[in-house]
Amino acid sequence: MLQRTPLFATHVAMGARMVEFGGWEMPVQYRGIIEEHQAVRQRAGLFDICHMGRFLVRGPQAEEFLDYLVSSNVAAIGPGQSNYGLLCRPDGGIVDDIFIYHLDHEFLVVVNASNRQKDWEWLQQHRGSFAVEMEDYSEQWAMLALQGPAAEMLLAAAPDSATAHLADLPFHGVTRANLFGLESLIARTGYTGEDGFELFFAAEHAPTVWSRLLELGEPGSVQACGLGARDSLRFEPCLALYGHEISDTINPYEARLGWVVKLDKGDFIGRASLAQIKAQGPVRKLTGFELLGRGVARGDYPIQSLEGQAVGYVTTGMPAPTLGRPLGIALVPTALSGEGSEFDIIIREKPVRARAIKMPFYKPRYKK
Amino acid sequence: MATNIPVELRYSKSDEWLRMEGDEVVIGITDYAQNALGDIVYLELPTVGTVLSARASFGVIESVKASSDLYAPIGGEVVAVNTALESAQEPINQDPYGDGWLIRVRPSGEEEELLDAQAYAAYCEERAH
């Protein structure tokens with residue numbers, strides 16, 4: 001039985017096309033992926049992301065505990081801030097990529113939908129003697145994302161709300177706000193390469209908040225978006241998706257996420273292996289690529305060297321809506337990962353020439 | 001959303017439509033197929049003169065999300081290709097039975113089991129549940 005968010009009936013009533021994603025029955029599109037994609041790049045789009053996991057971690061050693069499990073520097077995240085981090089295995093493989101929000105007296109950890117159970121067990125297993133308490137708030141809280149250049153203006157002017165201060169919320173800031181009369185947590189985070197916000201509030205209000213957010217501004221200001229546009233929007237700025245660019249068998253240096261690994265912050269799970277991988281240099285790496293021949297490369301398509309050796313695979317590929325051409329991300333030997341390197345993607349049993357290009361394909365437009 | 005299924009056409013189970021025009025057959029994808037695929041952004045069609053066999057793949061159609069093979073519902077020689085679709089694929093979504101046509105074929109007589117509009121409507125309905 002597939003899991004459903006509190007907005008399932010709303011999506012169906014609005015005519016969204018529903019699909020299975022990581023054990024969840026989710027909307028893949030409302031009006032069309034390209035239209036939703038452009039709405040977020042140009043104005044604002046609204047996403048149901050209740051399927052993601054939300055854990056609260058508190059107690060006298062909450063920060064030390066998270067710093068022991070996460071690759072980035074949790075101690076450096078002040079109250080009212082948040083940051084990206086990786087849970088790594090002892091061998092350096094990535095358990096999950098997560099977002100850590102430092103609230104007043106606790107940390108909120110947001111994890112991928114498909115890894116909810118795995119991450120919860122990972123946190124529990126490594127509690128050891130840390131004085132921490134953990135609570136799974138995934139069911140109690142809804143989570144929506146309002147993304148796009150108009151998000152700030154629309155949200156700050158929301159009726160029956162006290163949200164004017166959101167205009168001053170910095171990138172990755174998190175604050176309490178009264179939204180439509182509801183006590184909410186609002187963070188300047190997202191997964192689209194645009195400015196925008198992620199909102200947390202009591203799950204039973206999800207349908208009401210969803211509808212009211214869609215009514216913000218002039219009619220048509222906010223477009224309901226599905227997971228199709230979420231994927232194409234995160235692909236262009238090359239934001240990693242678990243199970244594609246990162247996984248238990250891909251380490252952060254291979255995934256070009258070395259900037260998320262703070263080897264000098266003190267011990268954490270995976271540190272020794274990661275230090276060694278960094279010193280030796282990863283044997284394979286992610287690279288962006290463009291196709292020189294005709295075709296569209298998709299995730300899992302094999303890659304051959306020009307000599308015909310199997311050397312890697314595509315992690316994500318699609319016709320990029322903003323750029324207007326098929327692009328991709330691939331995991332290839334480090335020697336082939338530099339800009340200008342050429343290799344062949346096997347598309348429907350035929351090799352199609354591709355050339356490594358710089359990532360990201362689209363420069364994120366976050367709030368400065 | 002109601003699916004448009006013109007009564008005068010014949011249909012394949014891989015969601016192509018066929019229109020008989022004299023001794024030639026025009027082939028495209030159905031409204032049901034374009035709707036299921038979403039915005040088409042890429043297309044590969046055979047060249048004029050290619051000989052198709054029934055049930056074999058004759059091209060590729062891609063949306064942002066998905067890639068699909070085009071299957072020839074009948075065998076025959078390709079006598080025309082809708083080259084206007086090379087630069088803009090929107091007609092496939094907007095007018096799948098008109099400007100969105102894909103190829104014109106001179107049939108060899110070989111054909112797979114084809115459906116009339118009523119049978120195809122039932123086939124679409126079946127898959128909607």
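In β9 of chain B, the bridge partner of Val81(B) is Ile103(B). This pair belongs to a predicted model. Six bridges connect strand β8 (residues 74–81) of chain B with strand β9 (residues 103–111) of chain B, and the two run antiparallel. Both strands sit in an open sheet of six strands, ordered β1-β2-β3-β9-β8-β5 in chain B, with antiparallel pairing. The edges of this sheet are β1 (10–11) and β5 (51–52) of chain B, each paired on one side only.

In chain A, strand β14 (residues 284–291) was examined for its partners and its burial. Seven bridges link β14(A) to strand β17 (residues 325–333) of chain A in the antiparallel sense. Within this pairing, Lys285(A) has Val332(A) as its bridge partner in β17(A). Strand β19 (residues 350–357) of chain A also runs antiparallel to β14(A), and four bridges join them. Here Leu291(A) is matched with Ala354(A) of β19(A). Six of the eight residues of β14(A) are buried, so the strand is largely enclosed by the rest of the structure.

Helix α7 (residues 227–235) of chain A is mostly covered, with nine of its nine residues buried. Among them are the charged residues Arg230(A), Asp231(A) and Arg234(A). Leu227(A), Leu233(A) and Phe235(A) are also included. The buried residues of α7(A) pack against β1 (17–21), β2, α2 (33–42), β3, β16 (310–320) and β17 of chain A.

The structure holds one cavity of 30 Å³ or more. About 30 Å³ of space lies in the largest cavity. Its lining consists of Met26(A), Pro27(A), Phe47(A), Asp48(A), Cys225(A), Gly226(A) and Leu227(A). Strands β2 (24–29) and β3 (44–48) of chain A are the elements that each give two or more residues to this lining. By class, five lining residues are nonpolar, one is polar and one is charged. Leu227(A) also counts among the buried residues of α7(A).

Nonpolar side chains tend to be buried together in soluble globular proteins. The largest nonpolar core here has 50 residues. Tyr101(A), Leu108(A), Val110(A), Phe200(A) and Leu274(A) touch the most other members of that core. A second, separate core has 33 residues, including Leu7(A), Ala151(A), Ile186(A) and Leu214(A). In the largest core, Val110(A) is one of the residues with the most contacts to other members. Beyond its neighbours within four places in sequence, Val110(A) is in contact with Met52(A), Gly53(A), Arg54(A), Ile98(A), Phe99(A), Tyr101(A), Met143(A) and Phe200(A).

Two loop residues of chain A were also examined. His172(A) lies in the loop between α5 (151–156) and β10 (174–179) of chain A. The relative accessible area of His172(A) is 17%, so this residue is buried. With residues up to four places away in sequence left out, His172(A) touches Gly80(A), Gln81(A), Ser82(A), Asn83(A), Phe99(A), Arg188(A) and Thr189(A). Phe99(A) is also a contact of Val110(A).

Gly299(A) occupies the loop between β14 and β15 (302–304) of chain A. At 29% relative accessibility, Gly299(A) counts as partly exposed. With residues up to four places away in sequence again set aside, Gly299(A) touches Val314(A), Thr315(A), Thr316(A) and Gly317(A). The C-alpha atoms of Gly299(A) and Gly85(A) are separated by 24 Å, and the two residues are 214 apart along the chain.

Conventions: Residues numbered from 1 in each chain as written. Chains lettered and ligands numbered in written order. Predicted model: local features only at pLDDT ≥ 70, side-chain atom pairs only at ≥ 80, totals over all residues. Heavy atoms only, no water. Buried < 20%, exposed > 50% of the residue type's maximum accessible area, 1.4 Å probe, protein only. Pairing = 2+ DSSP bridges. Core = buried A, V, L, I, M, F, W, Y, C linked by side-chain atoms within 4.5 Å. Contact = heavy atoms within 4.5 Å. 1 Å grid on protein atoms, 1.4 Å probe; cavity = no way out; pocket = protein on both sides within 12 Å on 5 of 7 lines; lining within 4 Å. Points joined across faces, edges and corners; volume = space filled by probe spheres on them.
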